[in-house]
Amino acid sequence: MAPIVVLLVLLVGRRWSAAEAGPVGMFAAAGIAVFAFRSSLETVAVAGGKGVWDAVFVLYVLWPALLLYRVGERAGAFAALREGIARFSRNELFLVLAFGWVFASFLQATAGFGIPIVVVAPLLLALGVRPLYAVAMPLIGHAWANMFGAFAVGWLATLQVVELSNPAETAFQTAILLWTPNLLAGFAIAWLYGRWAAVRHAWPLVLIVSAVHGGLQLALTLWEPVLSTFLATSVALVLLRPLSRWRRYSEPAEDIEERPAMQDGLDGTGEISKEEPRPVMGLGMALLPYGVFAVVTMVALMISTAGTAPERLGVGPPFPEEETGFGVVNEAEEPYSPFTPLTHPGTFLLVGALTGYVVYRVRGYYHTRNEREETQGIWAGLVGDAAPASIAIVAFLATSGIMKETGQTDVLALGISEVLPPVAFTFLSNLIGGLGAFMTFGNTTSNVLFAPLQQTVAAAGGLSEATIIAAQSSGGAVGTAVAPANVALGMGAVGTAGQEGDVLRRVLPWAAVVALTTGGATVLLNNLTFL
Amino acid sequence: MSKVQIQGLAFVLLMASLPLISIGATAGVGFLWGTGLVLLALGGLVLAIARYTSSISGEDKGRKAKERGRGTSRKNE
């Protein structure tokens with residue numbers, strides 16, 4: 001428990017970043033392994049090394065995903081996306097939901113790692129949303145997409161740290177639980193915008209979009225969890241066009257009088273500042289790299305399903321057998337957890353990013369944008385985004401590896417299962433995921449830290465492994481909405497740092513309702529098996 | 001050193017530990033896995049040490065996040 005307490009104190013109490021606190025948690029885990037769990041330094045080194053290797057799988061999604069984002073951002077693709085969406089409607093509530101929920105979810109599905117917050121918050125500010133609400137809305141709107149978003153980096157990391165007996169069932173139940181925060185996000189953002197009058201105006205839109213987000217994600221997990229959120233959020237983004245032609249959402253909503261989220265003096269038409277320069281490209285060109293990614297992924301999946309060579313081209317480091325003084329044995333593995341680059345989503349992301357870069361360069365978008373504005377270089381932006389997140393991921397995976405391989409996770413899990421009755425643990429399991437995300441500001445890192453523990457408790461208490469891991473994943477997704485680091489990131493993006501507590505007060509009630517609902521759903525799902 | 005350079009150094013140290021630990025532990029060469037363990041520890045320590053020695057302030061972090069959010073700053077403003 002001590003490494004988790006150390007992380008909690010440093011991240012929440014001392015407000016260290018995840019990259020700074022993560023390694024300290026790793027040292028705590030190593031110290032406890034040596035002094036309390038009778039592990040040799042070699043055992044600790046091997047466990048740490050396995051953790052670093054596990055991180056490679058995650059980093060190979062993180063870096064290409066951020067490269068894909070940076071390639072488009074520097075060419076002006078996101079400005080084109082924003083203008084493309086904003087042209088659709090004169091209804092302010094429609095635009096707030098389009099940006100704060102639909103577009104934020106799409107960004108989480110494609111980039112993640114805080115990007116939905118720092119991109120959408122300033123866009124909402126440009127629409128006339130007050131700064132505190134401009135941060136709170138994407139925090140709520142993007143959360144559900146965390147688990148299978150960023151091309152399922154959270155899911156892939158979970159598969160690295162726990163050996164699931166039925167991965168398909170786990171993915172399916174996770175998608176069921178994630179539907180609740182999605183649906184409640186739509187209603188919560190409408191409520192924040194204009195209280196109950198806005199909810200009454202928005203409910204058809206919320207139900208339709210949530211059916212696409214939640215329903216399509218659920219269906220797609222049966223086929224390929226890695227693409228489930230990406231495709232669901234892409235379809236919802238495209239769906240905005242026909243929805244914007246519906247008279248209910250094409251004209252200003254005159255029945256909403258109270259609009260606490262909006263700055264004074266706006267007329268409710270959602271007009272964006274006329275000072276903004278014209279985008280350098282159209283909506284279709286802005287989406288090109290993501291389209292290439294989707295096509296390459298589908299082709300690769302078809303080849304993989306046919307059982308041809310790419311799946312077999314795997315590499316992995318060897319590790320010897322290790323045993324602690326308490327008799328915990330980890331068998332030798334050669335190779336340990338082989339990495340198959342030709343079937344890994346990171347490769348498909350790289351293809352999309354490089355194609356986008358070449359096309360944008362040939363068409364002169366970078367040149368045009370450089371003439372207009374000073375922009376941060378692609379590489380500089382990529383390293384600035386990815387380096388701290390990478391350190392945190394390596395440190396958390398090494399911590400998780402050391403705790404798992406030296407028997408600490410088992411002891412902790414057995415202790416929790418003895419204290420809590422199974423039904424209480426089932427109800428509260430999503431809160432453990434939420435705690436992990438609150439501490440580390442990531443669904444991925446929460447699952448890396450706590451999925452092994454949840455799996456062990458589930459086994460000890462006779463609970464459904466798939467349901468408990470699903471609750472952990474859903475809780476981890478919702479926890480990112482209240483993670484202090486994410487809130488601070490958003491506040492920095494709108495230039496009003498220091499009011500993080502005010503944002504949390506707007507987000508916490510939503511998170512509490514979702515946690516209670518998810519707890520109840522987890523208890524119900526525990527006795528069900530779908531696949 | 002800039003914050004990004006320090007983060008880059010920490011990341012390289014963490015990743016460099018992997019082959020040394022794997023090869024050293026598998027071949028039974030204590031010096032190799034020991035060096036890997038030291039690199040892993042150093043990679044972790046770099047940021048914690050930099051936290052107390054770096055001159056980068058919270059204000060800079062906020063400005064960076066703001067720039068990321070807006071993506072650009074206009075030349076002629």
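Here are some exercises, each with a worked solution, on the structure above, which is a predicted model.

**Exercise 1. The interface**

Work out how many residues of chain A and chain B are in contact, and what the side of chain A that touches chain B is made of.

*Solution.*
- Step 1: Start with the head count. On chain A, 57 residues are in contact with chain B, and chain B brings 35 residues to the meeting.
- Step 2: Now look at the area. About 3,800 Å² is buried between chain A and chain B, and carbon and sulfur atoms give 66% of that.
- Step 3: Look for the top three contributors on chain A. A:E20, A:E374 and A:I391 supply 14% of the area that chain A buries against chain B, more than any other three residues.
- Step 4: Hunt for polar links. There are zero salt bridges between chain A and chain B, but two residue pairs are in polar contact across this interface.
- Step 5: Find the elements involved. Those giving two or more residues to this side of chain A include α2 (18–35), α3 (41–75) and α16 (378–405) of chain A. The most come from α3(A), with 15 residues.
- Step 6: Sort by class. The side of chain A that touches chain B has 34 nonpolar, 10 polar and 13 charged residues.

**Exercise 2. The second largest pocket**

Describe the second largest pocket and say which residues lie closest to its centre.

*Solution.*
- Step 1: Get the volume. The second largest pocket holds about 1,200 Å³ of space.
- Step 2: Check the lining. It has 40 residues, and A:F57, A:L156, A:L159, A:Q160 and A:S337 are the closest to the centre of the pocket.
- Step 3: Place the lining on the chain. Among the elements that give two or more residues are α3, α8 (149–161), α10 (225–245) and α13 (288–305) of chain A. With five residues, α8(A) gives the most.
- Step 4: Split by class. You get 19 nonpolar, 11 polar and 10 charged residues in this lining.

**Exercise 3. A closed space**

Find how many cavities of 30 Å³ or more there are, and what lines the largest cavity.

*Solution.*
- Step 1: Count. Just one cavity of 30 Å³ or more turns up.
- Step 2: Size it. About 60 Å³ of space lies in the largest cavity.
- Step 3: Go round the walls. The lining is A:A47, A:K50, A:D54, A:V161, A:Y336, A:L397, A:S400, A:G401, A:K404 and A:E405.
- Step 4: Assign elements. Two of them, α3 and α16 of chain A, give two or more residues to the lining, and α16(A) has the largest share, five residues.
- Step 5: Class the residues. The lining of the largest cavity has four nonpolar, two polar and four charged residues.

**Exercise 4. A long-range pair**

Find the salt-bridge partner of A:E333 and say where the two residues sit.

*Solution.*
- Step 1: Recall the idea. Side chains of opposite charge can pair when their charged atoms come close.
- Step 2: Name the partner. A:E333 forms a salt bridge with A:K50, and their closest N and O atoms are 4.0 Å apart.
- Step 3: Locate both ends. A:E333 is in the loop between β2 (329–330) and α14 of chain A, while A:K50 is in helix α3 of chain A, so the pair links parts of the chain 283 residues apart.
- Step 4: Zoom out. Over all chains, the whole structure has six salt bridges.
- Step 5: Spot a link with Exercise 3. A:K50 is also one of the residues lining the largest cavity.

**Exercise 5. Backbone oddities**

Decide whether the peptide bond from A:E334 to A:P335 is cis or trans, and whether phi of A:A150 is positive or negative.

*Solution.*
- Step 1: Know what to expect. Most residues other than glycine have a negative phi, and most peptide bonds are trans.
- Step 2: Check the bond. From A:E334 to A:P335 the peptide bond is cis, with omega near 5 degrees. A:P335 is in the loop between β2 and α14 of chain A.
- Step 3: Check phi. A:A150 has a positive phi, near 50 degrees, and this residue is found in helix α8 of chain A.

Notes: Residues are numbered from 1 along each chain as its sequence is written. Chains are lettered from A and ligands numbered from 1 in the order in which they are written. This is a predicted model: local features need pLDDT of at least 70, side-chain atom pairs count only at pLDDT 80 or more; totals for chains, interfaces and linings use all residues. Side-chain values use heavy atoms; hydrogens and water are left out. Contact means heavy atoms within 4.5 Å. Buried area is the accessible area (1.4 Å probe) that two parts lose on being put together, summed over both. A salt bridge is a side-chain nitrogen of Lys or Arg within 4 Å of a carboxyl oxygen of Asp or Glu. A polar contact is a pair of N or O atoms within 3.5 Å; within protein, one must be able to donate a hydrogen and the other to accept it, and residues adjacent in sequence count only if both atoms are side-chain atoms. Helices (H or I, at least four residues) and strands (E, at least two) are DSSP runs, numbered from the N terminus. Ala, Val, Leu, Ile, Met, Phe, Trp, Tyr, Cys and Pro count as nonpolar, Asp, Glu, Lys and Arg as charged, and the others, Gly among them, as polar. On a 1 Å grid over the protein atoms alone, a cavity is a set of points where a 1.4 Å probe fits but cannot get out, and a pocket is an open set with protein on both sides within 12 Å along at least five of seven lines; lining residues have an atom within 4 Å of a point. Grid points are joined across faces, edges and corners, and a volume is the space filled by probe spheres set on the points.
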